[in-house]
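Okay, thanks everyone, let me pull this one up on the screen. I'll talk for a few minutes, so shout if you get lost.

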Amino acid sequence: MQPRDLSAHSPYVPGRGSEEVARELGMDPDELTKLSSNENPFGPSPEAVEAVREAAPNVDVYPTTSHADLTEKLAAKWGLVPEQVWVSAGADGSIDYLSRAMLEPGDRVLAPTPGFSYYGMSARYHHGSVAEYELSKDDDFAQTPETVLDAYDGERIVYLTTPHNPTGSAFPLEAVSELAESVEAHTLLVVDEAYGEYAERASAIGLLSDHDNVAVLRTFSKAYGIAGLRIGWAAVPEAWADAYARVNTPFAANEVACRAALAALDDDAHVERTVETARWAREYMYEHLDARTWESAGNFVLAEVGDASAVAEASQREGVIVRDCTSFGLPACIRISCGTEAGTRRAVETLNGVLAEVAKP
Ligand SMILES: *Cc1c(COP(=O)(O)O)cnc(C)c1O
């Protein structure tokens with residue numbers, strides 16, 4: 001017995017976790033500064049933590065009310081009707097729902113390289129295939145309609161990530177709109193705004209009223225600080241929003257996650273502090289890191305360090321975990337998440353020490 005041919009499927013490579021690294025180094029996880037997965041350095045909102053505690057005694061029943069309440073709250077916040085809000089287990093879950101709703105076997109998606117690997121993984125799970133458009137380092141990873149349209153060949157789904165992971169570059173809203181009008185009528189443009197809170201620009205959700213081929217991904221994993229609960233959502237056009245009922249995995253967005261997300265939405269101060277600190281940290285890294293960096297609209301900065309895996313490993317030995325971008329196809333770059341002020345300063349100091357020792361290109 002064998003599974004189907006999975007040779008085209010590559011495993012997801014996550015940023016390294018504190019406990020995993022601490023065990024390997026024989027250190028206390030609290031001594032580590034983990035800046036490898038773009039999580040919230042302040043943790044979850046205290047209100048979300050309280051909601052998790054309060055939800056604990058009720059996990060014997062399937063989530064129904066909490067899911068409906070979260071859907072309605074998001075719809076009200078974003079000026080959508082509830083059907084347009086597809087709540088899922090992380091934004092990754094929404095990527096799967098869109099794959100299920102859109103792809104016939106053999107259909108292609110178009111995704112950025114370097115880029116977030118789950119777009120292609122999800123397409124392959126759903127018997128689709130993947131084409132890529134390149135964001136070029138020589139061009140500072142600029143994202144324009146032309147970068148996408150030069151590679152576009154009638155794909156069923158086109159993914160845009162803005163702010164882009166791992167480069168931090170942003171796609172202007174007018175350009176998203178231009179692209180939505182340029183692609184063929186059967187092409188869905190998926191705008192991934194996992195880092196949308198950090199960007200100083202309007203969300204593409206505002207385009208949904210004028211375009212029936214644009215969907216937007218949002219998540220509670222980054223600015224809201226509840227990545228471990230796996231909760232996210234997609235905003236989709238009203239015209240086909242009812243497809244959710246046919247494609248969603250029943251109860252995939254769990255009770256605890258829905259309750260925590262509802263509470264997190266009420267804690268604006270936590271998100272504001274998170275976003276402001278990230279803005280400070282980006283500037284601090286541009287200014288003080290002894291490496292080339294790219295301007296980022298997210299809660300992370302890409303830096304060119306020569307041998308990324310050597311630099312990431314050396315920095316990890318000193319207790320600072322950053323993301324080696326080799327798996328993104330950028331073997332000379334690391335991605336450093338924005339930490340607290342202290343965490344960011346420590347990371348820059350440690351990396352500068354490492355860079356002084358490891359030969360640069
Ligand atoms: C983190 C991330 C996501 C979503 O992650 P979830 O935890 O599944 O919500 C989506 N897209 C990009 C580009 C990301 O970096």
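I'll go through a sheet, then a charged patch, and finish with a pair of residues. Keep in mind that this is a predicted model.

So, the sheet. It's an open one with 5 strands, and the pairing is mixed. Reading across, the order goes E1-E11-E12-E10-E9. Which strands sit at the edges? Those are E1, residues 33-35, and E9, residues 292-293, and each of them pairs on one side only.

Let's start from the E1 edge. E1 runs parallel to E11, which covers residues 320-324, and the two share 3 bridges. If you want to find the spot on screen, look for Thr-33: its bridge partner in E11 is Val-320.

Now hop over to the other edge. E9 and E10 are antiparallel, with 2 bridges. They make a hairpin, and there are 6 residues between the two strands. Here the pair to click on is Arg-292, which stands opposite Glu-304 in E10.

Stay on E10 for a second, residues 300-304. Is that strand mostly covered or mostly open? Mostly covered: 4 of its 5 residues are buried. On top of the hairpin with E9, E10 also pairs with E12, residues 333-337. That pairing is antiparallel too, over 5 bridges, and within it you'll see Leu-302 opposite Arg-335.

Okay, leaving the sheet, on to the charged patch. There's a negative patch on the surface, and the residues forming it are Glu-146, Asp-150, Glu-178, Glu-181 and Asp-210. Which elements give two or more residues to it? Helix H6, 145-151, and helix H7, 173-182.

Take Glu-178 as an example, over in H7. Its relative accessible area is 39%. Patch residues need over 30%, so Glu-178 clears that cut-off. It still only counts as partly exposed, because exposed would take over 50%.

Last stop, Ala-68, which you'll find in helix H3, residues 65-78. Ala-68 has a relative accessible area of 35%, so that one goes down as partly exposed as well. Now, how far apart are Ala-68 and Cys-258, in sequence and in space? In sequence, 190 residues; in space, 9.1 Å from C-alpha to C-alpha.

That's my tour, happy to rotate things around if anybody wants another look.

Definitions and conventions. Residues numbered from 1 in each chain as written. Predicted model: local features only at pLDDT ≥ 70, side-chain atom pairs only at ≥ 80, totals over all residues. Heavy atoms only, no water. Pairing = 2+ DSSP bridges. Patch = residues over 30% accessible without salt bridge, like charges linked within 9 Å, V, L, I, M, F, W, Y side chains within 5 Å. Areas by Shrake-Rupley, 256 points an atom, 1.4 Å probe, with all protein chains shown as cover. Salt bridge = Lys/Arg side-chain N within 4 Å of Asp/Glu carboxyl O. Lys, Arg positive; Asp, Glu negative; His and termini not counted. Charge placed at Lys NZ, Arg CZ, Asp CG, Glu CD. Buried < 20%, exposed > 50% of the residue type's maximum accessible area, 1.4 Å probe, protein only.
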